[in-house]
Amino acid sequence: SNETLNRMMQSLWGHALACAVGAKWLTRKAGYPGMAAEAFMGGLMHDIGSLALLKVLDDIIKSNQTSVFFTDQLINEIVDAMHAEVGFKLMQTWNFPDFYCDIAKSHHSEQYDQSNMLLVAVRLSNQACRKLGRSLKPADPSLTIFSAPEAHILGLKEIALAELEIIIEDADGISVA
C-alpha cells in the first residue's frame, strides 16, 4: 500500500502543478492579470489537504500500529471525503489569507463564492485536469468544461477552453528544481 501512496503523491504533485498553470492562464485570459500569481499559488495549494492525508496514512501504515488494511479504494475514499476540510484547517493554521483557505475549502462545493475569481479559476482548471486525467482519478473525457458555470463567470469562449486543455496537457514539462 506504500506503493499506492507514493504513486498518489506523484500524481498529486503533477495535478497541483497542472491546476496551478491552468488557473494562472485562466485569470490572465479572463482579464485579471493582476491575479495571475495568486491563481498559480491557489492552484498549487488547493489540494494540500490530500497531501496531508496521504502523509498521515503513510505514517499510520509504517507504524504497524493498525490492523486496518488500506486498500486503494479506502485511501481514495478517505482523501475524497476529507481533503477539502483538512486543507482548509491546515491553511488557517498556517495563517494563509482567507481567499486561499476558501479555495481549499470550496474547490468541489456545490455552493461557492462566485465573486472570488481566484476560486472560480482554480475550480475550472481543476475540472479541466479531471477531464484530462491530470488528477488522482482516471481521465473523464465526457466532462464538458464549456458548459461549466465557471467558464461563463470568467466569460470564456469554447476556443479559450480548448486552449486551456492544451496548456494543462503540456504542464508536466515544468520541473520545479
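Where does Asn64 lie? Asn64 is in the loop that runs between α3, residues 48-63, and α4. I open there as a way into this structure, which is a predicted model.

Let me stay with the backbone for a moment. Most residues other than glycine have a negative phi. Asn64 is not a glycine, and yet its phi is positive, at about 55°. As for its surroundings, Asn64 has a relative accessible area of 66%, so it counts as exposed.

A second asparagine deserves mention here. Asn95 is found in the loop between α4 and α5. Its phi is also positive, at about 60°, although Asn95 is not a glycine. With a relative accessible area of 67%, Asn95 is exposed.

I turn now to the interior. The largest nonpolar core contains 37 residues. Those with the most contacts inside this core are Leu26, Met91, Leu124, Leu154, Leu156, Leu161 and Leu164. Which elements give two or more residues to this core? They are α1 (2-29), α2 (36-45), α4 (72-93), α5 (98-106), α6 (117-132) and α8 (158-170). Of these, α6 gives the most, with nine residues.

Leu26 may serve as an example from this core. If we leave aside its neighbours within four places in sequence, Leu26 is in contact with Ala121, Leu124, Ser125, Leu154, Leu156 and Leu164. There is also a second, separate core, made up of eleven residues. Leu57, Ile61, Phe70 and Ile75 are included in it.

Next, I would draw your attention to Val79, which is found in helix α4. Is Val79 buried or exposed? It is buried, because its relative accessible area is 3%, and the cut-off for buried is under 20%. Not counting residues up to four places away in sequence, Val79 touches Ser50, Leu53, Leu54 and Leu136. We may also relate Val79 to Leu57: the two are 22 residues apart along the chain, and their C-alpha atoms are separated by 9.8 Å.

My next topic is the aromatic residues. A pair of aromatic rings is described by the distance of the centres and the angle of the planes. How many aromatic pairs does the structure hold? It holds three. In one of them, Trp94 and Phe96 have ring centres 6.3 Å apart and planes at 45°, so this pair is tilted. Trp94 is partly exposed, with a relative accessibility of 45%, whereas Phe96 counts as buried at 18%.

Phe96 takes part in another pair, with Tyr100. Here the ring centres are 5.8 Å apart and the planes stand at 85°, so the pair is edge-to-face. Both of these residues, Phe96 and Tyr100, are buried. One aromatic cluster is formed by Trp94, Phe96, Phe99 and Tyr100.

Finally, I come to charged residues placed over rings. Lys24 lies over the face of Phe40, at 5.8 Å from the ring centre. Over the ring of Tyr112 sits the charged end of Arg123, 3.5 Å from the centre of that ring.

To close, I return to three points. This predicted model has a largest nonpolar core of 37 residues, and a second, separate core of eleven. Two asparagines, Asn64 and Asn95, each have a positive phi. Trp94, Phe96, Phe99 and Tyr100 form one aromatic cluster. Thank you for your attention.

How values were computed: Residues are numbered from 1 along each chain as its sequence is written. This is a predicted model: local features need pLDDT of at least 70, side-chain atom pairs count only at pLDDT 80 or more; totals for chains, interfaces and linings use all residues. Side-chain values use heavy atoms; hydrogens and water are left out. A nonpolar core is a set of buried Ala, Val, Leu, Ile, Met, Phe, Trp, Tyr and Cys residues joined through side-chain atoms within 4.5 Å. Buried means under 20% relative accessible area, exposed over 50%, partly exposed in between (1.4 Å probe, protein chains only). Helices (H or I, at least four residues) and strands (E, at least two) are DSSP runs, numbered from the N terminus. Contact means heavy atoms within 4.5 Å. Rings of Phe, Tyr and Trp (its six-membered ring) pair if their centres lie within 6.5 Å; planes under 30 degrees apart count as stacked, over 60 as edge-to-face and the rest as tilted. A charge sits over a ring if NZ of Lys or CZ of Arg is within 6 Å of the ring centre and within 35 degrees of the ring normal.
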